[in-house]
Amino acid sequence: MTNPDFSLDDELEATDGWDSEEFESGYADQPDPEDLTTGELDLAERHQLRRVASLRTELEDITEVEYRQLRLERVVLVGVWTEGTVEDAENSMAELALLAETAGSEVLDAIYQRRQSPDPATYIGRGKVEGLGEIVRATGADTVICDGELAPSQLRNLEDRLKVKVVDRTALILDIFAQHAKSREGQAQVELAQLNYMKQRLRGWGGNLSRQAGGRVAAGAGIGGRGPGETKIETDRRRINTKIAKLRRDLREMKGTRDTKRQERRRHHIPSVSIAGYTNAGKSSLLNRLTDAGVLVENALFATLDPTTRRTTTADGRVYTMSDTVGFVRHLPHQLVEAFRSTLEEVADSDLILHVVDGSHPDPEGQLSAVREVFAEIGATGVPEIVVINKADAADPMVLARLQREEPHSVVVSAKTGEGIEQALRVIEGELPRPDVEFKALLPYDRGDLINRLHQHGEIASMEHTGEGTIVVGRANEDLAGELAAYAL
C-alpha cells in the first residue's frame, strides 16, 4: 500500500547537496586544516581517542564480555611525608594525582603518612601495607603509585604483598614522557631514560628469569648467548646494555647537529633566550604569545617535550632567538636529566632565561626552587634570569604582590589574555646582551647593507643623513665593527 503523501520529486529535491564537500565532511563550520597551527594539529591528534565519563554500561557480574572492554588503570596513590608542612605533603599528592591522570589513570584513593624516613623494606611499613591492601581490594584498584623513587627490593616486596602492580613516581613520569615525545631525538632520550631505570629492576615471576640454558637450546637465544652459565635475566640485562650503548651513540650524533646550529647562531652573534620553568606553568603559551610560534598548548603536565626555537626581532630591529624547553617538576628523575642533557644545554648556553612560574599555583615558591635545583645541576646558575609570573588572570593579587617582592627582577603577565606582554618584551629587550665595540662612521649611500646589518645585529644610537653619506653612531660586535673601521670618523 503506497503512502498518498509521498512525492518522488519532493524526496529528490530534499537530497540536493548531499554530494557536496560540506555534507560529506559532516562539519560545515569546521576550520580548514591548512589554517591550523602545528600545535592545534598536534592537540587534535592527541585527543582523537578520549574517554567519556559516566557512559559505562559494564555489568558488575562480568562473564564473557570482560575481554571486550577498554578501561583506564584504576590507581591508589601512596605517599610518605618526611619533611615540610602538611600543605607541602598535600601539594605533592595533588601533583601526583595530576601526573597519574595525565598518564591515563583513574585515581580512586590517596593516602600518605608521616615518617622520619621511608621504610627500607616496604616504603610505608609492614602494618601500613596491610591497610593499603584492604583499600586496594575494597576499591578494585589494579595499580598502586608511590610518591617517590622506590628501590627494586621495595617494589618487589610491595607487589608480592599487595598482588597488584606497583610503580613509583619516576616510572610514572617516564611513562608520560614516552607518550608525549614526538621527535626522533626526544623518543631516543626517553627510551634511554627508561632503559636505565629498567636495568636495575628486572625481575621475573617465579624462577623464569633465574634458569640457566646452554648447548643447542640456550633458551631460544641461539648464537649470541655467552654460554651455559648465563641466566635469562643476565641475557636481558646484556641486551639492555647493548641498546643503551646504541642510543647514546645516536644521541651523540644528534647532539652534533644541535651544536652546529648553536655555533652558527654564535658566529652571527644572534642572542638566544630560553623559556624554562615548571611543567604546566604556561611556557608554550608564552612562546606563542611572544613569537606566534603556534606550538601545542594543553592544560596538562609535560604536554610538550620537544624544544621549539623561533627567530624574532626587538622593537628596534635586533634579531634574537627564543626557545621553549621541557618542563621541570619536583624530584625530576635523574635519568631524565641525564638523557635530556643535550636539550637542557640550550638553557645553560643561552644569553637570557625566562623563568616562568604559575602565579595561580598553591606553592609558586616551591616551583621556583625546584626549577633552580635543575638549573644548578645543568650549570645554568650563571645565566641572567627574568622571572615571568604567568596566569595573572587567575592568580590572587596578594600572591602576585608577594612574588614580586621576593623576586625583584620579575614581571607579571597572562599569556592567555595578553596582559603584561608588552612590558615583558621591553624587559627582555633591555636584558639582551649589547654589542661590545662603540663606533662612529660615515657610511656612503651605496652601503645600505651595512646599515641593515646594524639594525639586525648592532645597536644604533643616532643616525644623521648628510650630503656625503649617513653618519651613524652606536655599538657593534667585533666583526661588524671591523668592516665599519674603513668609514670611521
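Let me begin with a contact between a charge and a ring: Arg114 lies over the face of Trp81, at 4.5 Å from the ring centre. Please keep in mind throughout that what we are looking at is a predicted model.

Turning to rings that meet other rings, the count comes to 1 aromatic pair. Its members are Phe328 and Phe375, whose ring centres are 6.1 Å apart and whose planes stand at 85°, and since planes over 60 degrees apart count as edge-to-face, that is the class this pair falls into. The pair links distant parts of the chain, with Phe328 in the loop between S7 and helix H11 and Phe375 in helix H13, 47 residues apart. Phe328 is buried, with a relative accessible area of 0%, and Phe375, at 4% relative accessibility, counts as buried too.

Strand S7, which comes before that loop, pairs with strand S6 in the antiparallel sense over 6 bridges, and Thr313 stands opposite Val319 of S7. The two strands form a hairpin with 5 residues between them, and in the turn Gly317 has a positive phi of about 95°.

Next, helix H16, residues 448-457, where Leu450, Ile451, Leu454 and His457 are buried. Why do they lie on the same side of H16? They do so because they cover an arc of only 150° around the axis. What covers these buried residues includes strands S11, S12 and S13, together with helix H17.

Finally, an unreviewed UniProt entry places a coiled-coil region at residues 237-264; in the model the chain over that range is 100% helix and 0% strand, with its end C-alpha atoms 41 Å apart.

How values were computed: Residues numbered from 1 in each chain as written. Predicted model: local features only at pLDDT ≥ 70, side-chain atom pairs only at ≥ 80, totals over all residues. Heavy atoms only, no water. Buried < 20%, exposed > 50% of the residue type's maximum accessible area, 1.4 Å probe, protein only. Helix = DSSP H or I, 4+ residues; strand = E, 2+ residues; numbered from the N terminus. Arc of directions from axis to C-beta. Contact = heavy atoms within 4.5 Å. Pairing = 2+ DSSP bridges. UniProt positions renumbered as here; feature names shortened; annotations may be inferred. Phe/Tyr/Trp six-rings, centres within 6.5 Å; stacked < 30°, edge-to-face > 60°. Lys NZ or Arg CZ within 6 Å of the ring centre and 35° of its normal.
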